[in-house]
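Trainee: Please pick one part of this model and take me through it closely. Then show me how the rest is laid out around it.

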Amino acid sequence: MTKYNKLTYSIATQRIEKLMHLAESAIESKSEENERLARRYVELALKIGSHYKVKIPKALKMKICHKCMLPLIPGLTCTVRHSSMGFTIYKCECGEQNKIVLKGSLGTHLLEK
Ligand SMILES: [Zn+2]
């Protein structure tokens, strides 16, 4: 098994963040071709994460539909419902629902975006 040095891990993390940013900007341009491109960017980010054994940040992972690999952007690719029980449901265009518990600083950070 090959071990990678810290520089490799930091480059992999930077590429994952860059690819996720590209996927979100591709979705915001609202085109059928760009939606396919956004899915590809997400697939590549997940591939980089699994190849280099880099943990994808939770804030980024929560923004991916695990069924169709589409970045979840409220109002564009998913609908958001808030529950009084302390969680939020993100429903993707494909029908997949991601239930996210919003407690602590991460939850408030996601609500701001
Ligand atoms: Zn989906």
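Mentor: What follows is a close look at helix H1, and then at the other parts of the chain.

Start with the ground rules. Residues are numbered from 1 along each chain as its sequence is written. This is a predicted model, where local features need pLDDT of at least 70 and side-chain atom pairs count only at pLDDT 80 or more, while totals for chains, interfaces and linings use all residues. The score pLDDT is the predictor's confidence in each residue, from 0 to 100. The protein averages 85. Of its residues, 88% score at least 70.

Now the overall plan. The protein has four helices and three strands. Helices (H or I, at least four residues) and strands (E, at least two) are DSSP runs, numbered from the N terminus. Along the sequence, the pattern is α-α-α-β-β-β-α. Helix H1 covers residues 6–28 and has the highest mean pLDDT among the elements, 93. The lowest mean, 56, belongs to helix H4, residues 104–112.

How long is H1? It has 23 residues and reaches 33 Å from its first C-alpha to its last. That is close to the expected 33 Å at 1.5 Å a residue. The expected span is 1.5 Å times one less than the number of residues. After H1 comes lysine 30, with a positive phi near 55°.

Which residues of H1 are buried? They are Ile16, Leu19, Met20, Ala23, Glu24, Ala26 and Ile27. Buried means that 20 or more other C-beta atoms lie within 10 Å of the residue's own; exposed means 12 or fewer, and partly exposed is in between, with C-beta atoms placed from the backbone. The buried residues of H1 pack against helix H2 (32–51) and helix H3 (58–61).

Look at one residue on this helix. Alanine 12 lies in H1. Alanine 12 counts as partly exposed because it has 18 C-beta neighbours inside 10 Å. Leaving out residues up to four places away in sequence, alanine 12 touches Ile48, Tyr52 and Val54. Here, contact means that two C-beta atoms, placed from the backbone, lie within 7 Å. The C-alpha atoms of alanine 12 and glycine 49 are 7.2 Å apart, although 37 residues separate the two along the chain.

Next, the core. A nonpolar core is a set of buried Ala, Val, Leu, Ile, Met, Phe, Trp, Tyr and Cys residues joined through C-beta atoms within 7 Å. The largest one has 17 residues, and Ala23, Ala38, Tyr41 and Leu72 touch the most other members. H1, H2 and S2 are the elements that give two or more residues to this core. H1 gives the largest share, six residues. Leucine 72 has contacts beyond four places in sequence too, including Ile64, Cys78, Tyr90 and Cys92.

Move on to the loops. Lysine 53 sits in the loop between H2 and H3. Its phi is near 55°, a positive value in a residue other than glycine. Lysine 53 is exposed because it has 11 other C-beta atoms within 10 Å. Methionine 69 lies in the loop between H3 and S1. Methionine 69 also has a positive phi, near 60°. Methionine 69 is partly exposed, with 18 other C-beta atoms within 10 Å.

Last, the strands. Two strands pair if DSSP finds at least two bridges between them. Strand S1 (residues 78–82) and S2 run antiparallel, joined by five bridges. Cysteine 78 stands opposite cysteine 92 in S2. Four residues lie between the strands of this hairpin, and glycine 86 takes a positive phi near 100° there. Strand S2 (residues 87–92) also pairs with strand S3 (residues 97–101), in the antiparallel sense, over five bridges. Isoleucine 89 faces lysine 99 in S3. Threonine 88 stands opposite isoleucine 100. The S2 and S3 hairpin has four residues between its strands, and glycine 95 in the turn has a positive phi of about 105°.
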